[in-house]
There are 2 protein chains.
Amino acid sequence: MRIGQLAQLVGVETQTIRFYEQQGLLPPPDRQDNGYRVYTEKHGEGLAFIRRCRILGLSLAEIHELQSYQDDPHQPCTAVNALLDDHISHVRSQITALQALEKQLVSLRASCNDDREVEACGVLAGISEGKMHQQ
Amino acid sequence: MRIGQLAQLVGVETQTIRFYEQQGLLPPPDRQDNGYRVYTEKHGEGLAFIRRCRILGLSLAEIHELQSYQDDPHQPCTAVNALLDDHISHVRSQITALQALEKQLVSLRASCNDDREVEACGVLAGISEGKMHQQ
DNA sequence: TTTAAACTATAAAGCTACTATAAGGTCAAT
DNA sequence: ATTGACCTTATAGTAGCTTTATAGTTTAAA
């Protein structure tokens, strides 16, 4: 399988595949005589794994860590679960922060109707004066 | 006021101030004979405005836009409010996406207790097989 | 007075996870 | 022979800074 086919199969761009190879996330495939990369099914699975991790919001570093666990399958899997727990709490704190932010933005927005001049705009005034209703 | 004092006053690093100047968000201040930047209160207000916008999650481009409105104070402020409305809906969709993600992560995490080997880890298996409970 | 600490300056690279662009080689079909 | 689709590498751009390197200036202590 050449890079274009693999890319289409998994739904990424060819550059992304080369990028993952360069970052050490995907093993360097064999090459044809002309230098073209030749991929196996294994590569397909590896790439799909990376993409699923990315969809779950894991960083490339975290994916790398997971791969190192996969390479040593008789360890206890506590580290895997710890990584996921960390990621979950990270996502949760992001949600909390964004919810607080939304509140601030909505209250700021409520300080102006649209029928003013910029000079008297409640939103701009609110930001300028630091009346951002901080907790 | 020199750059270090301004930085301490507003709570940013000196490099950040130079960066904003370079990006056209902060007007270039006068210089002493030795080349040191000299800031006025106006700069302090400008910088504080930028930081408050950043805390609200606005991009530098959006801040630039707001500044252009400030420079033309007799326009109607509908554009200001539209910018904020856009940003609010952006934040809301981020929240929604993260909440869906959290659900996925939690259900994935529930597929493994810690008392296994990596080989049998429910989390890794879940990612590998694509059983990510997608909606 | 010398010297060291603390401050300032510029320029350039590093960070994340790609995406895009440039300049070129390969291959199948026309 | 040439077009078009594919492949190669290398390099730059994205956001918003942070870090590093290198060097000049001021200030306070020894």
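This note covers the surface near DNA strand D and the two largest pockets of a predicted model.

1. **Who sits around strand D.** There are 18 residues around DNA strand D. Those that come nearest are A:G4, A:R18, B:Q15, B:T16 and B:R54. By class, this surface has six nonpolar, six polar and six charged residues.

2. **Which elements supply that surface.** At least two residues each come from α1 (3–10) of chain A and from α2 (14–22) and α3 (41–55) of chain B. The largest share, four residues, belongs to α2(B).

3. **Backbone or bases.** Of the atoms of DNA strand D within 4 Å of the protein, 81% are sugar or phosphate. The rest belong to bases. Two side chains reach phosphate oxygens of the strand: an N or O atom of A:R31 is 3.1 Å from one, and a polar atom of B:Y20 lies 3.0 Å from one. B:Y36 goes to a base instead, with a polar side-chain atom 3.0 Å from a base nitrogen.

4. **Largest pocket.** Its volume is about 540 Å³. It is lined by 23 residues, and A:G46, A:F49, A:Q70, A:D71 and B:S128 are the closest to its centre. α3 (41–55) and α4 (60–70) of chain A and α6 (122–128) of chain B each give at least two lining residues. α3(A) has the largest share, eight. The lining has ten nonpolar, seven polar and six charged residues.

5. **Second largest pocket.** This one holds about 470 Å³ of space. Of its 16 lining residues, B:K42, B:E45, B:G46, B:F49 and B:Q70 are the closest to the centre. Two or more residues each come from α3 and α4 (60–70) of chain B. The largest share, six residues, is from α3(B). By class, the lining divides into four nonpolar, eight polar and four charged.

Methods:
Residues numbered from 1 in each chain as written. Chains lettered and ligands numbered in written order. Predicted model: local features only at pLDDT ≥ 70, side-chain atom pairs only at ≥ 80, totals over all residues. Heavy atoms only, no water. Near = heavy atom within 4 Å. Polar contact = N/O pair within 3.5 Å; in protein donor to acceptor, adjacent residues only side chain to side chain. Nonpolar A, V, L, I, M, F, W, Y, C, P; charged D, E, K, R; others polar. 1 Å grid on protein atoms, 1.4 Å probe; cavity = no way out; pocket = protein on both sides within 12 Å on 5 of 7 lines; lining within 4 Å. Points joined across faces, edges and corners; volume = space filled by probe spheres on them.
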